[in-house]
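Hi there,

I am passing along the structure we talked about, with a few notes on its salt bridges below. Have a look when you get a moment.

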Amino acid sequence: MGKTKYILRLDDASPYMARAKWAKIEKILDAHGIEPIVGIVPDCTDVTIKYEPYDESFFSTVVNRWRKKNWTVAQHGLHHLCYKNSDGVATEFAGRGYEEQLCDIKRGYGIMCAEGCRPVCFFAPCHTFDSETIRACRDSKFFNFISDGCSLFPFEDNGMKFLPNLFDTPKNLYVPGVFTFVCHPSNTDDSYCAFLDDFLDKNAHKFVNAEEYMKSFHSVRRRGILDKTLNEVLRIIRKKRKGK
């Protein structure tokens with residue numbers, strides 16, 4: 001547990017994604033043997049991430065190919081349609097009642113399973129969720145872990161395992177921990193692809209498969225004061241960035 005390990009997470013996969021850009025990222029990952037988490041929006045109604053016409057073969061062809069490559073399939077919310085809650089935070093889940101959240105999680109999970117892919121991981125859009133989201137994930141018994149939260153190592157909160165996410169952009173880190181880097185392939189350009197290719201050239205040996213990594217933890221530590229402080233600091237930073 002004391003080594004530095006990296007995980008790559010690809011967000012906003014759906015039948016509407018920018019397919020050529022995703023293909024470029026996938027080609028780079030294949031070249032370096034990287035098996036990322038891929039977050040699939042089960043029923044995308046968010047027009048801001050609808051880049052192309054609906055792909056009827058998305059689940060049967062694209063997602064099936066990812067699964068054969070041992071990518072970790074995650075459920076990324078339900079619609080990816082966020083609103084401002086009472087705290088002024090953009091979210092699809094935080095601030096809503098437990099039953100509402102559980103219903104949406106079950107609906108998204110059902111859609112994905114009906115398409116032949118069972119997600120083993122969950123994460124909410126905009127990094128925004130609350131204790132009711134965690135409780136709904138726990139009670140559904142659908143997911144092995146949540147890809148989010150702030151910590152250096154996996155932790156447990158309200159009966160759910162968390163694989164933390166501190167940074168979006170890949171960077172060299174020299175402290176022990178497991179760090180998930182987040183990429184939105186539909187928003188990438190050639191310069192990002194060149195950067196990612198170069199980073200993986202030098203660091204591919206540090207990357208691990210998220211699902212396999214989390215299976216090694218039969219029990220993980222509970223969140224400490226440092227984790228909660230770190231979480232609050234990053235929450236404030238992310239809120240300020242989104243407010244610009």
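Is Glu26 buried or exposed? In this predicted model, Glu26 is buried, with a relative accessible area of 7%; the cut-off for that label is under 20%. Even so, the side chain of Glu26 meets that of Arg65 in a salt bridge, at 2.8 Å from N to O. This pair links distant parts of the chain, with Glu26 in helix α1 and Arg65 in helix α2 (residues 58-68), 39 residues apart. Arg65 itself counts as partly exposed, at 32% relative accessibility.

The two also belong to something wider: a network of salt bridges links Glu26, Asp30, Arg65 and Lys69.

Helix α1 comes up again with Lys24. Its partner in a salt bridge is Asp190, and the closest N and O atoms are 2.9 Å apart. Lys24 lies in helix α1 (residues 19-32) and Asp190 in helix α5 (residues 190-203), so this salt bridge ties together parts that are 166 residues apart in sequence. On accessibility, Lys24 is partly exposed at 44%, while Asp190 is exposed, with a relative accessible area of 55%.

Another pair to look at is Asp139 and Arg138, which form a salt bridge with their closest N and O atoms 2.9 Å apart. Asp139 is partly exposed, with a relative accessible area of 30%, and Arg138 is partly exposed, also with a value of 30%.

For the overall tally, the structure holds 13 salt bridges, including the pairs Glu26–Arg65, Lys24–Asp190 and Asp139–Arg138.

Best wishes

Note on methods
Residues numbered from 1 in each chain as written. Predicted model: local features only at pLDDT ≥ 70, side-chain atom pairs only at ≥ 80, totals over all residues. Heavy atoms only, no water. Salt bridge = Lys/Arg side-chain N within 4 Å of Asp/Glu carboxyl O. Helix = DSSP H or I, 4+ residues; strand = E, 2+ residues; numbered from the N terminus. Buried < 20%, exposed > 50% of the residue type's maximum accessible area, 1.4 Å probe, protein only.
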